[in-house]
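Open the structure in your viewer and keep the selection panel at hand. This tour tells you what to select at each stop and what you will find there.

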Amino acid sequence: MNASERKVDIVKKVECPECGSEVTLSDGVVENEILDCTTCGVELEVVSLKPLKVELAPEEEEDWGE
Amino acid sequence: MKKIKLGVLFSRLRLEEKLLFEEARKRKDVELVPIDSRELILSLDEHPKLDVILDREISQSRALYALQLFEGSDVWTVNSFEAVRIGGDKMLTSKVLHDAGVPTPNVKIAFTKESALGAIEEIGYPVVLKPVDGSWGRLMAKIENRTAAEAILEHKAHLSSYYHTVFYIQEYVKKPDRDIRAYVIDGETIGAAYRVSDHWLTNAALGGRTIPCPVTPELNELCLRACKAVGGQAIAVDLMETPHGLTVHEVNCAMEFKASMQSIEKNIPALLIDYCVKAAQGHQPKPKATLKTGDKTKAMAHA
């Protein structure tokens with residue numbers, strides 16, 4: 001089971017692992033949330049809140065959908 | 001008060017899942033258990049200590065295997081393995097809709113590029129060629145003539161997945177610059193939105209914008225029949241408007257609703273959680289799909 005329970009209540013910044021730009025995380029961001037890097041457009045996943053850490057989100061697979 | 005233990009199967013936490021989690025956490029009668037499929041290790045006699053599992057898995061194959069194993073226990077799943085199997089396969093969806101008498105576009109299936117060309121010409125140009133297991137308008141082709149058909153079939157035959165040699169060929173339905181996305185939860189069409197685009201594909205994933213759509217008696221009736229046909233509990237139904245009335249072209253089990261939220265008054269995440277609670281409390285009859293595939297196959301599907 002997953003630990004995506006906790007929220008970050010203050011604005012925080014992380015470095016985009018793709019382009020190195022600063023990415024601002026909004027108030028209330030949760031673990032596993034998907035974000036866009038506004039500089040390079042890559043999708044990021046919040047993999048940890050304490051410490052705050054993002055990684056490149058998994059790329060779209062052929063069986064993804066609704 | 002005994003809390004309902006609600007598992008939510010996911011691997012990608014989009015806005016939809018975030019809202020569902022927020023909604024579930026507001027409820028005093030619900031204990032939310034997020035289930036990240038990336039961390040799962042499942043056994044053949046899986047018995048999750050949960051009352052109900054809501055499938056929000058973005059990967060169709062992961063959802064199917066997980067749901068099949070979860071359903072070996074007493075846990076209720078929304079939607080069921082069978083509904084997800086049908087909804088995730090365009091051929092099966094077309095078949096159940098057709099068998100249930102729900103208006104749906106004419107479709108032919110072929111397994112070689114030569115027979116696919118024959119099927120295309122039987123239907124007549126233009127046609128739409130779709131992957132049987134695709135979503136979001138991915139790899140769909142509107143084919144206007146034989147030259148285009150030959151080129152696209154040649155390319156499809158060389159794509160990596162063997163599913164691309166299952167050729168799903170659908171008549172092209174002339175429609176306005178929009179289609180309809182309607183949501184059915186707990187036997188009710190709770191809202192609908194037009195998806196408008198200048199492109200023939202109106203998927204929100206491809207930039208189609210949404211505006212409110214009234215739930216007419218015709219729309220409601222077709223959506224409920226489509227939902228029943230796939231054995232769905234909480235689904236999205238995609239329909240097109242034709243001169244002869246509405247036609248259902250797709251059913252989505254782990255439906256996305258982000259793009260429709262501004263056009264629908266009802267709170268979809270809240271209704272989904274409400275339904276899961278109700279289902280877990282045993283107030284729901286188990287829905288069954290209406291796939292007519294012969295006794296042997298049917299027995300396997302429901303095993």
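Select B:Arg195 and look across to strand S11 (residues 209-212) of chain B, where B:Thr210 stands opposite B:Arg195; strands and helices here are DSSP runs numbered from the N terminus, with at least two residues (E) for a strand and at least four (H or I) for a helix. Before going further, note that this is a predicted model, in which local features need pLDDT of at least 70 and side-chain atom pairs count only at pLDDT 80 or more, while totals for chains, interfaces and linings use all residues. Residues are numbered from 1 along each chain as its sequence is written, and chains are lettered from A and ligands numbered from 1 in the order in which they are written.

**The antiparallel strands of chain B**

Now show the whole of S10(B) beside S11(B): the two pair in the antiparallel sense over 4 bridges, where pairing requires that DSSP finds at least two bridges between the strands. Strands of a sheet pair through backbone hydrogen bonds, either parallel or antiparallel. Add strand S9 (residues 178-185) of chain B, which is joined to S10 (residues 188-196) of chain B by 8 bridges, again in the antiparallel sense. To find one of these bridges, select B:Tyr183, whose partner in S10(B) is B:Gly191. The hairpin of S9(B) and S10(B) has 2 residues between the strands, and B:Asp186 in this hairpin takes a positive phi near 55 degrees.

**The parallel sheet of chain B**

Move next to the open sheet of 4 strands in chain B, which has the order S2-S1-S3-S4 with parallel pairing. Its edge strands are S2 and S4 of chain B, each of which pairs on one side only. If you look along the sheet, neighbouring strands are turned by 25 degrees against each other on average, direction ignored; for such angles, axes are lines fitted to C-alpha atoms, for helices over the stretch in contact, and the angles run from 0 to 180 degrees between N-to-C directions. Select S3(B) and S4(B), which run parallel and are joined by 3 bridges, and then B:Val52, whose bridge partner in S4(B) is B:Trp76. Bring in H2(B) as well, since this helix lies across S1, S3 and S4 of chain B and runs at about 170 degrees to S3(B).

**A helix with much around it**

Which helix of chain B is largely enclosed by the rest of the structure? Select helix H4 (residues 90-99) of chain B, which is largely enclosed because 7 of its 10 residues are buried; a residue is buried if 20 or more other C-beta atoms, placed from the backbone, lie within 10 Å of its own. Among the buried residues of H4(B) are B:Leu92, B:Ser94 and B:Lys95. The elements that cover the buried residues include strand S5 (107-110), strand S8 (167-171) and helix H7 (217-230) of chain B. Show H4(B) together with H7(B), and you will see the two pack at an angle of about 115 degrees, with their axes 9 Å apart. At this packing, B:Thr93, B:Val96 and B:Leu97 in H4(B) meet B:Ala226, B:Ala229 and B:Val230 in H7(B). Just after H4(B), select B:Gly101, which takes a positive phi of about 75 degrees.

**Domains of chain B**

Colour chain B by its domain assignment, which gives domain 1 (4-87), domain 2 (106-171) and domain 3 (178-280); these bounds come from an automatic or database domain assignment. The centres of domain 1 and domain 3 of chain B, taken over C-alpha atoms, are separated by 21 Å. Where the two touch, 28 residues of domain 1 of chain B are in contact with 22 residues of domain 3 of chain B, contact meaning that the C-beta atoms of two residues, placed from the backbone, lie within 7 Å. On the domain 1 side, the largest share, 6 residues, comes from H1(B).

**Chain A and its contact with chain B**

Finally, select chain A, which has 0 helices and 7 strands, and in which 21% of the 66 residues count as buried. The contact between the chains takes 23 residues from chain B and 13 residues from chain A. On the side of chain B that touches chain A, S2(B) gives the most, with 4 residues.

How values were computed: A residue is buried if 20 or more other C-beta atoms lie within 10 Å of its own, exposed if 12 or fewer, and partly exposed in between; C-beta atoms are placed from the backbone.
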